[in-house]
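User: I have a structure open and would like to go through parts of its fold. Please keep the answers short.

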Amino acid sequence: MADARQFDVVIVGAGIAGSALAVALSGHGLMIALVEAQALPASALPQSKNLQDFDPRVSALTPRSREFLSQLGAWDAIAAYRHCAYRHMTVWDAEGTGQIEFDRAEVGASELGHIVENRAIVHALLARVATAADITVLSPVALASCTRLASSRMSLTLDGGELLEADLLVAADGALSRVREMMSFRSREWDYGHRAIVATVEVERPHDATAWQRFLPSGPLALLPLPGENGHHYCSIVWSLQEDLVDAVLALDDAAFCAELTRASEARLGAVLDASRRFAHPLRQRHAVDYVQPGVALVADAAHTIHPLAGQGINLGLQDVAVLAAEILAGQRNGVHPGSWTCCSVISGSARART
Ligand SMILES: Cc1cc2nc3c(=O)[nH]c(=O)nc-3n(C[C@H](O)[C@H](O)[C@H](O)COP(=O)(O)OP(=O)(O)OC[C@H]3O[C@@H](n4cnc5c(N)ncnc54)[C@H](O)[C@@H]3O)c2cc1C
């Protein structure tokens, strides 16, 4: 059998969280591997503002997430591509009894946050990864199994049989984390009984840099502002619908879907004129009881998933990454290896505090 390749940290999953962690750890004398099951995204992002060309998955990033991405050297590339600052938020209830507004002026900020396509964030982070000599990217190849050795180091087998060893294995492999399952982390979870339909839509009226959210009896609908051009106004929608309604909505043709969405949004942005392909994501609340074991840490969706109406999933995930990176690097400065329990105790404590 071939010898195992040796690393200090192996990160499984090169989504936003895994890529951010690799960049955060780079440049500090650690040998890092980033393992990704899918082929890495194409080197160029689509430039046209065609409905079908927007990533249907977007994130509302908080100023804190933006600041972290700046520290990682990724924000400038995101901003140079495209994003939409939102300065106001209007949330109202379908019964017509309540409405709440949030404005940047209340917090003395230039914006409340930014709507960014997920693939633009990953793209910018992977561009940083590509320049780092201490990060080995293994892609497309999935983690097949992992186990803790008598030495306390983690042993990983990739599909195809390649072996890796590391002090620390980080699961950034998303909501259905195989690492979480293979290492028997317990999690508390339940189904929301909803799926979220996501798509990019063109609306009749300007969105006014506002995030719009309407609470309907069947679930919340969000229209998130995207950059437009030449008098065209675009939004990304996240429409959380109770399970028994989803298939019927997905089966609607474009015109019927737009009409349904115009009704659901009370035409606050005028008529919905056009819609991209629709995708539906099952929504499940999950929270790992512990985020760490000796030699293993869970971050972002591998550790917790929440309903997207909060717009907080990856914002929390990036905080996991920031805290874990700070702990690992503090340990590194003090001669403590990355997989040691001492190194991870702060994260463990904060996970328990949130449970
Ligand atoms: C509809 C919707 C709207 C949302 N809106 C927001 C929002 O506005 N703001 C916000 O903060 N959050 C939002 N979220 C949450 C946010 O999208 C997630 O928190 C975030 O994408 C999770 O990133 P991640 O890197 O943890 O996982 P993922 O993006 O799931 O990445 C995991 C990676 O691991 C790889 N992988 C999996 N298994 C293996 C394996 N065995 N071997 C190798 N690689 C593997 C996958 O291929 C993938 O690339 C939303 C979520 C949904 C569903």
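User: Which residue with a positive phi follows helix 7, and near what value is its phi?
Analyst: In this predicted model, helix 7 spans residues 254-264. Glu266 follows this helix and has a positive phi, near 55 degrees.

User: Which residues of helix 7 are buried, and why are they on the same side?
Analyst: An α-helix has 3.6 residues a turn, so residues three or four places apart point the same way. The buried residues of helix 7 cover an arc of only 60 degrees around the axis, which puts them on the same side of the helix. They are Phe257, Leu261 and Ala264.

User: Which exposed residues does the face turned away from the buried side of helix 7 carry?
Analyst: The buried side is covered by elements that include strand 12 (187-203), strand 13 (210-216), strand 14 (219-229), strand 15 (232-242) and strand 16 (272-275). On the face turned away from that side, the exposed residues are Ala255, Ala256 and Arg263.

User: Which strands stand at the edges of the sheet ordered 3-7-4?
Analyst: This open sheet has three strands with antiparallel pairing. Each edge strand has a single partner strand, so one side of each is left without a neighbour in the sheet. The edge strands are strand 3 (58-61) and strand 4 (84-86).

User: What is the bridge partner of Val58 in strand 7?
Analyst: Strand 3 and strand 7 (residues 113-117) run antiparallel and are joined by four bridges. In strand 7, Val58 has as its bridge partner Glu117.

User: At about what angle does helix 4 run to strand 7?
Analyst: Helix 4 comprises residues 118-130 and lies across strand 3 and strand 7. Its angle to strand 7 is about 85 degrees.

Note on methods. Residues are numbered from 1 along each chain as its sequence is written. This is a predicted model: local features need pLDDT of at least 70, side-chain atom pairs count only at pLDDT 80 or more; totals for chains, interfaces and linings use all residues. Two strands pair if DSSP finds at least two bridges between them. Helices (H or I, at least four residues) and strands (E, at least two) are DSSP runs, numbered from the N terminus. Two residues are in contact if their C-beta atoms, placed from the backbone, lie within 7 Å. Axes are lines fitted to C-alpha atoms, for helices over the stretch in contact, and angles run from 0 to 180 degrees between N-to-C directions. A residue is buried if 20 or more other C-beta atoms lie within 10 Å of its own, exposed if 12 or fewer, and partly exposed in between; C-beta atoms are placed from the backbone. The arc is that of the directions from the helix axis to the C-beta atoms.
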